[in-house]
Amino acid sequence: MNRNLRHRLLMSSFVLAGCSAVHHPPIQTVPHVDLPRFMGDWYVIANIPTFVETDAYNAVESYRLDADGTIATTFTFRHGSYDGVLKSYHPRGFVLDTQSNAVWGMQFIWPFKGDFRIVYLNSDYTQTVIGREKRDYVWIMARQPRIPESDYQRIVELLGGEGYDTTQIDKVPQRWESAQPAN
């Protein structure tokens, strides 16, 4: 094979790899979320963490539906260890798709709203997955600090099918004396 042809094939493979990494079909969300039922505490079982969540322990996301239809959110965790400094963040959620209630804008800093999509929710509202169109971050959450390994593996497989790089998903250390989050 001549050098020019090898060069073109190599360049073509880089272009195709770049295209496949960038272009995904729209991520699938759940058909409907009963917002009042979704509210409350969710333990973060695993995630592709944002820079804020790196080295988080006992991470819990809590939602409260306010009278204006927005969602008061409290995200708490211990940084670096189970006894680490308690960190707390308070973004506000805005339901963007009121047909499904599964697409939100999550606002940490005004006026910017981050993409927040409920891509999995089991029928008894005890396990959920929050994803993003970019497939850059994801949160596997549950009402209890642990889920069965078979459920976890099924969820990771679902995320792989949605275009996530599942090798980036890390379990969040959870250890509680009782099943009550400290927020």
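Is Asp115 buried, partly exposed or exposed? I will come back to that residue with its answer in a moment, but please keep in mind throughout that what we are looking at is a predicted model. The answer is that Asp115 is partly exposed, with a relative accessible area of 22%, and its side chain meets that of Arg117 in a salt bridge, with 2.7 Å from N to O. Arg117, for its part, counts as buried, because its relative accessibility is 17% and the cut-off for buried is under 20%.

Let me stay with Arg117, since its side chain also meets the side chain of Glu133 in a salt bridge, this time at 3.6 Å from N to O. Glu133 sits in the loop between strand 8 and strand 9, whereas Arg117 belongs to strand 7, so this pair ties together parts that are 16 residues apart in sequence. Glu133 is partly exposed, at a relative accessible area of 25%. As a general point, side chains of opposite charge can pair when their charged atoms come close.

There is another such pair to look at, formed by Asp136 and Arg132, whose closest N and O atoms are 2.7 Å apart. Here Asp136 is partly exposed, with a relative accessible area of 24%, while Arg132 is buried, at 13%. If we follow the salt bridges that share partners, we find Asp115, Arg117, Glu133, Arg135 and Glu162 joined into one network, and the structure as a whole holds 9 salt bridges.

Now let us turn to the nonpolar residues. The largest nonpolar core has 25 residues, and those with the most contacts inside it are Val33, Phe38, Tyr63, Trp104, Ile118 and Leu121. Several elements each supply at least two residues of this core, among them helix 2, which covers 35-38, strand 1, which covers 40-48, and strand 7, which covers 112-121. In general, nonpolar side chains tend to be buried together in soluble globular proteins.

Phe38 is a good residue to click on, because you can then follow its neighbours one by one: leaving aside residues up to four places away in sequence, Phe38 touches Val33, Tyr63, Trp104, Ile118, Leu121, Tyr125, Thr128, Ile130 and Arg143. Phe38 also belongs to one aromatic cluster together with Trp42, Tyr63, Trp104 and Phe116. Separate from the largest core there is a second core of 20 residues, which includes Val129, Tyr152, Ile155 and Val156. Tyr152 has a further partner, in that the charged end of Lys171 sits over the ring of Tyr152, 4.4 Å from its centre.

Next, which strands pair with strand 3? Strand 2 and strand 3 run antiparallel and are joined by 8 bridges, and within that pairing Val60 has Thr76 as its bridge partner. Strand 3 also pairs with strand 4, residues 85-89, in the antiparallel sense over 5 bridges, and there Phe77 stands opposite Lys87. Finally, 2 bridges join strand 3 to strand 5, residues 92-95, and these strands run antiparallel too, with Arg92 as the bridge partner of Ala72. Of the 9 residues of strand 3, 7 are buried, so the strand is largely enclosed by the rest of the structure.

The two hairpins here can be described together. In the hairpin of strand 2 and strand 3, with 5 residues between the strands, Gly69 takes a positive phi near 90 degrees, and in the hairpin of strand 3 and strand 4, also with 5 residues between the strands, Gly80 takes a positive phi near 90 degrees. Asn58, which lies in strand 2, has a positive phi of about 50 degrees although it is not a glycine, and Asn58 is buried, with a relative accessible area of 9%.

I will finish with the rings, of which a search of the whole structure finds 11 aromatic pairs. Tyr57 and Tyr82 form an edge-to-face pair, 5.0 Å centre to centre and with 80 degrees between the planes. Tyr57 is in strand 2 and Tyr82 in the loop between strand 3 and strand 4, so the pair ties together parts that are 25 residues apart in sequence. The rings of Phe75 and Phe77 have their centres 5.2 Å apart and their planes at 40 degrees, so that pair is tilted, and both Phe75 and Phe77 are buried.

Conventions
Residues are numbered from 1 along each chain as its sequence is written. This is a predicted model: local features need pLDDT of at least 70, side-chain atom pairs count only at pLDDT 80 or more; totals for chains, interfaces and linings use all residues. Side-chain values use heavy atoms; hydrogens and water are left out. A nonpolar core is a set of buried Ala, Val, Leu, Ile, Met, Phe, Trp, Tyr and Cys residues joined through side-chain atoms within 4.5 Å. Buried means under 20% relative accessible area, exposed over 50%, partly exposed in between (1.4 Å probe, protein chains only). Helices (H or I, at least four residues) and strands (E, at least two) are DSSP runs, numbered from the N terminus. Contact means heavy atoms within 4.5 Å. Two strands pair if DSSP finds at least two bridges between them. A salt bridge is a side-chain nitrogen of Lys or Arg within 4 Å of a carboxyl oxygen of Asp or Glu. Rings of Phe, Tyr and Trp (its six-membered ring) pair if their centres lie within 6.5 Å; planes under 30 degrees apart count as stacked, over 60 as edge-to-face and the rest as tilted. A charge sits over a ring if NZ of Lys or CZ of Arg is within 6 Å of the ring centre and within 35 degrees of the ring normal.
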